[in-house]
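User: I'm new to this one and would like to learn how to read it feature by feature. Could you show it to me and start with the basics?

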Amino acid sequence: MNRRTPAALAAVAALGVSALAIGPAAAATKPKPKPNTIETRGELKVKINAYIQDGQRFLPGDLKVKSGTTVTLKNKSTDGAPHSLSLVKKSALPKTAADMMACAPCGPLVAAHQADPNTGEVKVPLVDVGAPGFDTMGDETTAGDSVFLPPKGKVTFKVTAEKGSRLHFMCAIHPWMQGTIVVK
């Protein structure tokens, strides 16, 4: 059941979820990010009356860090889109194109960031639910910890989850962008 409000849907649309088809990600040609760094990379390609391919992704998709580590998130996407890195339970991650277009966890995440549906501006760049730091995952109806990444921006956050935790994350604006932080 889709529980997103019209305002949340408008906010997601304003922030850039407009892909009608998800194309294959382009091969990474740039060097890997520095340790404890996640980058957004990729671009949007459009061929009128044929397709939209959104090759944006997190690099690396999976990151291993110690609890207490500060992680740097950099926006290196070529199309100037904003992103989020939002913690979501694995069961709530969208898996199909239909899931992504009706992204259940995206509404609560966009609402928690207080995104303006007209401008795309975010009033709350860091959503920190529960204990301080990145450790709390949301689901289809509640937001987990989330950080907003403006175009060409750079932000940091501290992973405070316990050793042995697996933190699944996604971009609330581009829900096909997904990964995992393994806390060792």
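Analyst: Sure, let's start with a term. Buried means under 20% relative accessible area, exposed means over 50%, and partly exposed is in between (1.4 Å probe, protein chains only). Helices (H or I, at least four residues) and strands (E, at least two) are DSSP runs, numbered from the N terminus. One caution: this is a predicted model, where local features need pLDDT of at least 70 and side-chain atom pairs count only at pLDDT 80 or more, while totals for chains, interfaces and linings use all residues. Residues are numbered from 1 along each chain as its sequence is written, and side-chain values use heavy atoms, with hydrogens and water left out.

User: Okay, how do I read the faces of a strand? Which residues of β10 are covered and which are uncovered?

Analyst: In a regular strand the side chains alternate between the two faces of the sheet. Now look at β10, residues 154–158: Val 155 and Phe 157 make up its covered face, while Lys 154, Thr 156 and Lys 158 sit on the uncovered one.

User: And how many bridges join β10 to β6?

Analyst: Two strands pair if DSSP finds at least two bridges between them. Here β6 and β10 run antiparallel and are joined by five bridges. To find your place, look for Thr 72, which stands opposite Thr 156 of β10.

User: What is the order of the strands in the open sheet?

Analyst: Six strands form it, in the order β5-β12-β11-β7-β9-β8, with mixed pairing. The edge places go to β5 and β8, each of which has a single partner strand, so one side of each has no neighbour in the sheet. Further in, β11 (residues 166–170) and β12 (residues 178–183) run antiparallel with five bridges between them. In that pair, Leu 167 has Ile 181 in β12 as its bridge partner.

User: Now charges. How many salt bridges does the structure hold?

Analyst: Side chains of opposite charge can pair when their charged atoms come close. The cut-off for a salt bridge is a side-chain nitrogen of Lys or Arg within 4 Å of a carboxyl oxygen of Asp or Glu. The structure holds three. Glu 39 pairs with Arg 41, with their closest N and O atoms 2.5 Å apart, and both of these residues are buried. Glu 39 also pairs with Lys 76, at 3.7 Å between the closest N and O atoms. That second pair links distant parts of the chain, since Glu 39 is in strand β1 and Lys 76 is in the loop between β6 and β7 (83–87), 37 residues apart.

User: So are Glu 39 and Lys 76 buried or exposed?

Analyst: Glu 39 counts as buried because its relative accessibility is 4%, whereas Lys 76, at 38%, counts as partly exposed. Together, Glu 39, Arg 41 and Lys 76 are linked in a network of salt bridges. Glu 43 and Lys 45 also meet in a salt bridge, 3.7 Å from N to O. Glu 43 is partly exposed, with a relative accessible area of 35%, and Lys 45 counts as partly exposed too, at 39%.

User: What about backbone oddities? Which residues does a cis peptide bond join?

Analyst: Most residues other than glycine have a negative phi, and most peptide bonds are trans. In this model, a cis peptide bond joins Leu 59 and Pro 60, with omega about -5°. You'll find Pro 60 in the loop between β4 (57–59) and β5.

User: And which residues have a positive phi without being glycine?

Analyst: Asn 36 is one of them, with phi about 60°. Asn 36 sits in the loop between α1 (6–15) and β1 (37–41) and counts as partly exposed at 30% relative accessibility. Gln 114 also has a positive phi, near 55°. Look for Gln 114 in the loop between α3 (106–112) and β8 (126–127); at 42% relative accessibility, Gln 114 counts as partly exposed.

User: Last one: where is Pro 151?

Analyst: Pro 151 is in the loop between β9 (146–149) and β10, and is partly exposed with a relative accessible area of 40%. Along the chain, Pro 151 and Gly 80 are 71 residues apart, yet their C-alpha atoms are separated by 5.0 Å.
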